[in-house]
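Hi there,

Here is the structure I promised to pass on. Have a look at it first, and my notes follow below.

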Amino acid sequence: MEASSSHHGLAILFIVLTSQIALTLAYPPFLNDRNVEYIKSSCSTTTYPKLCYRSLSVYATSINTSPKLLVHTALNVTLRASKATSRLMVKISRFHGLEPRVAAAMADCIEVIGDSVDELQQSLGELGHISRSNISLTMSDVQTWVSAALTDEDTCMDGFAGNNMNGYAKTMARKRIIKVAHLTSNALALINNYASTQGYHLP
């Protein structure tokens, strides 16, 4: 009985060790380190490198060292943040007792952030159809849409400017919008870098 238990234990240990070796071979530590370093290096060219690295390094394994996947992930992260901000602002706009100026700025902001979400979705869709034959037109379109999204976000932030716009609603909304704008700015910088690696320089 003891011999049987011993063999059983050795068998389990062998399976565990084999599995660990297989995982190590499939995802060598040095590969992930290389991926992380690639993201860090790419983010160093953006306006907000710390935010860029923090938002993208968690996807190091899937990005690998692909400029296209890096851009695609950056746009996806930005789009998700934009949608979440839009939902939050709709909720805040329903608060009772908002100052008229804050309520008006909130309504305008919800509209332009909605436009920003649409533009980011369009850029992602276009990026998915990129090929050697259409890279110039595709990258130009992507750059235009992401630039437009950034402009919309800046417009939204401007609406909350001024000392007479104090209050919790303004503070919460502006904080989220600033982060989305910074993510969008970083995505645009990575798009420009990707375009240059393909031999196309955006105007």
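In what order do the elements of the protein chain run from the N terminus on? The answer is α-α-α-α-α-α-α-α. That fits the tally for the protein chain, which has 8 helices and 0 strands. Please keep in mind that this is a predicted model.

On the chain as a whole: 38% of its 203 residues count as buried. Among contacts in the protein chain with a separation of 6 or more, 74% are between residues 24 or more positions apart. The protein chain exposes about 11,600 Å², and 58% of that area is supplied by carbon and sulfur atoms.

The surface charges may interest you too. A patch of positive charge gathers Lys50, Arg54, Lys175, Arg176 and Lys179 on the surface. Helix H3 (49–56) and helix H8 (168–197) are the elements that give two or more residues to this positive patch. H8 gives the most, with 3 residues. One residue of the patch, Lys179, lies in helix H8. Lys179 has a relative accessible area of 46%, so it counts as partly exposed, the class between under 20% for buried and over 50% for exposed.

There is a patch of the opposite sign as well: Asp108, Glu111, Asp115 and Asp118 form a negative surface patch. Of these, Asp108 is found in helix H6, which covers residues 100–127.

Happy to talk it through whenever suits you.

Best wishes

Terms used: Residues numbered from 1 in each chain as written. Predicted model: local features only at pLDDT ≥ 70, side-chain atom pairs only at ≥ 80, totals over all residues. Heavy atoms only, no water. Patch = residues over 30% accessible without salt bridge, like charges linked within 9 Å, V, L, I, M, F, W, Y side chains within 5 Å. Areas by Shrake-Rupley, 256 points an atom, 1.4 Å probe, with all protein chains shown as cover. Salt bridge = Lys/Arg side-chain N within 4 Å of Asp/Glu carboxyl O. Lys, Arg positive; Asp, Glu negative; His and termini not counted. Charge placed at Lys NZ, Arg CZ, Asp CG, Glu CD. Helix = DSSP H or I, 4+ residues; strand = E, 2+ residues; numbered from the N terminus. Buried < 20%, exposed > 50% of the residue type's maximum accessible area, 1.4 Å probe, protein only. Contact = heavy atoms within 4.5 Å.
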